Amino acid sequence: MARWSRSQVEAAATDAGSLAAAWRLARPGPWSGCGANDTLLWGHCQGSGATPYQVSIDLTTPAWRCSCPSRRSPCKHALALLLLWSDGALEPGGALETGDAPAEAAEWSARRAARAAQPVSAPPDPAAQAARLEKRLALMDAGIEELALWLTDLVRTGLGAARSRPTGWWDQIGARMVDAQLPGLGQRLRDLGSEVSARPDWTEHLLAAVGRLWAVVRAWRRREQLDADQLGDLRAVVGWSFSREEVRQREILLDDWLVLGAHRSDDGRLQQQRTWLHGRRTGETVQLLDFAAGTSALPLPQVSGTSLTAGLARYPGHPPRRALFVDEPRPAEVAAPWPAAVTTTEAVERRDALLVDQPWLRVVPAHLRSVRLALAPAPLLVDADGRGLPLAEDADVWALAALTGGHPADVVVELQGARVRPLTVTRADPAAGLAPGAVVVA
């Protein structure tokens with residue numbers, strides 16, 4: 001197995017804190033019993049307790065396992081071992097050995113291989129599939145009617161009372177939607193409860209959210225009249241996903257894809273990675289969505305600014321569509337250019353035009369031209385016309401400040417509601433002595 005580069009290891013980190021902690025452990029001192037073979041990397045890291053943590057890394061998938069209590073995957077110990085390995089700090093004759101893996105690493109690897117080698121199950125029975133679908137639709141229909149009643153009661157009692165409701169009130173309706181096989185609506189309702197409590201503009205936000213939820217109710221009731229893309233958008237918002245096999249059977253779009261940027265989030269139950277790609281020939285922008293639950297690991301993110309040649313299959317729906325790779329991407333022979341940068345006004349207008357076909361659209365990418373970071377009265381991206389867009393609460397303000405020095409730069413962002421989340425600085429102001437080129441912000 002080829003040794004990873006330092007950038008590959010850093011890209012595997014789920015957050016900056018884990019990576020910073022890993023760098024503090026990336027020295028031979030705490031480590032013992034380290035080794036590697038063609039597929040596995042392992043080692044023991046001495047922590048504050050008497051027993052060292054056992055770390056095992058499958059280099060092929062990749063995947064990681066550590067006996068520490070951290071919920072991060074990979075944890076700081078796995079990242080530190082990868083950093084030491086990538087830098088050649090653990091070499092034969094030193095702390096790194098080759099040969100047979102220890103029992104805990106070998107058993108873990110064997111269990112993973114056994115799961116991967118399980119035979120493919122027999123084709124499903126069409127009659128049983130139809131019965132399951134009918135049962136699910138009945139549950140979903142009942143859930144939608146329950147949501148309609150809940151929204152009616154909410155409006156009748158007055159939206160102003162919503163902020164005084166306890167967290168359990170929002171969680172209860174969210175759980176009812178999950179029970180009704182509508183997990184997307186369940187998550188949105190739980191998030192809405194938090195947003196109503198925290199946002200200063202909660203009244204406007206709640207009114208818009210209730211309107212969108214009522215539109216879901218109306219659209220679901222007439223779903224049989226929707227076309228394929230309209231139904232795809234509706235299925236995405238309620239959480240009725242398509243299988244990857246279904247998507248791969250759709251039209252394949254072959255192009256050279258520029259990686260615009262990526263964003264990772266973790267709500268404690270589920271990790272999500274969203275990657276935006278822009279086609280050189282088609283001019284289409286798509287998103288790749290990856291999920292990982294529990295201690296499972298997200299795939300390594302694609303590096304912003306790189307160009308990949310690959311075939312993509314797109315999910316049903318309106319732009320920007322979700323897509324997945326149908327084959328392994330490879331470096332493109334011709335670099336894909338960045339899409340033309342636009343003003344903040346143009347970006348918002350383009351987002352609004354997309355909302356005509358996709359009223360539940362929550363996140364849209366944009367390439368903003370010559371915007372600078374302003375920190376007062378609140379963090380904003382301000383364009384040359386003086387129009388400012390507030391930054392998302394999870395935006396890395398100080399990383400953007402360090403990369404741009406407060407000078408104008410072209411930045412790939414995500415528009416989420418009235419806020420923006422910077423992803424990649426694509427061109428900095430050369431007069432300010434800043435390096436041009438793609439620099440990852442988030």
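## Strand S12 and two nonpolar cores

Strand S12 and strand S15 (residues 409-416) run antiparallel and are joined by 7 bridges. The model is predicted. In this pairing, His367 stands opposite Val412 in S15.

S12 has another partner. S12 and strand S13 (residues 380-382) pair over 3 bridges, again in the antiparallel sense. Here Ala374 stands opposite Leu380 in S13. The two strands S12 and S13 form a hairpin, with 5 residues between them.

The table sets out both pairings.

| Partner of S12 | Residues of partner | Bridges | Sense | Facing residues |
|---|---|---|---|---|
| S15 | residues 409-416 | 7 bridges | antiparallel | His367 and Val412 |
| S13 | residues 380-382 | 3 bridges | antiparallel | Ala374 and Leu380 |

Why is S12 described as largely enclosed by the rest of the structure? Strand S12 spans residues 363-374, and 9 of its 12 residues are buried, so the strand counts as largely enclosed. Buried means under 20% relative accessible area.

Now to the nonpolar cores. The largest one has 34 residues. Trp150, Leu185, Leu234 and Val238 have the most contacts inside this core. Five helices each supply at least two of its residues: H5 (126-157), H6 (167-179), H7 (183-198), H8 (202-221) and H9 (228-238). H8 gives the largest share, 9 residues.

Which residues does Trp150 touch, leaving aside its neighbours within four places in sequence? Trp150 is in contact with Trp169, Trp170, Ile173 and Leu189.

A second core is separate from the largest one and has 27 residues. Val9, Ala36, Cys45 and Cys66 are among them.

Terms used:
Residues are numbered from 1 along each chain as its sequence is written. This is a predicted model: local features need pLDDT of at least 70, side-chain atom pairs count only at pLDDT 80 or more; totals for chains, interfaces and linings use all residues. Side-chain values use heavy atoms; hydrogens and water are left out. Buried means under 20% relative accessible area, exposed over 50%, partly exposed in between (1.4 Å probe, protein chains only). Helices (H or I, at least four residues) and strands (E, at least two) are DSSP runs, numbered from the N terminus. Two strands pair if DSSP finds at least two bridges between them. A nonpolar core is a set of buried Ala, Val, Leu, Ile, Met, Phe, Trp, Tyr and Cys residues joined through side-chain atoms within 4.5 Å. Contact means heavy atoms within 4.5 Å.
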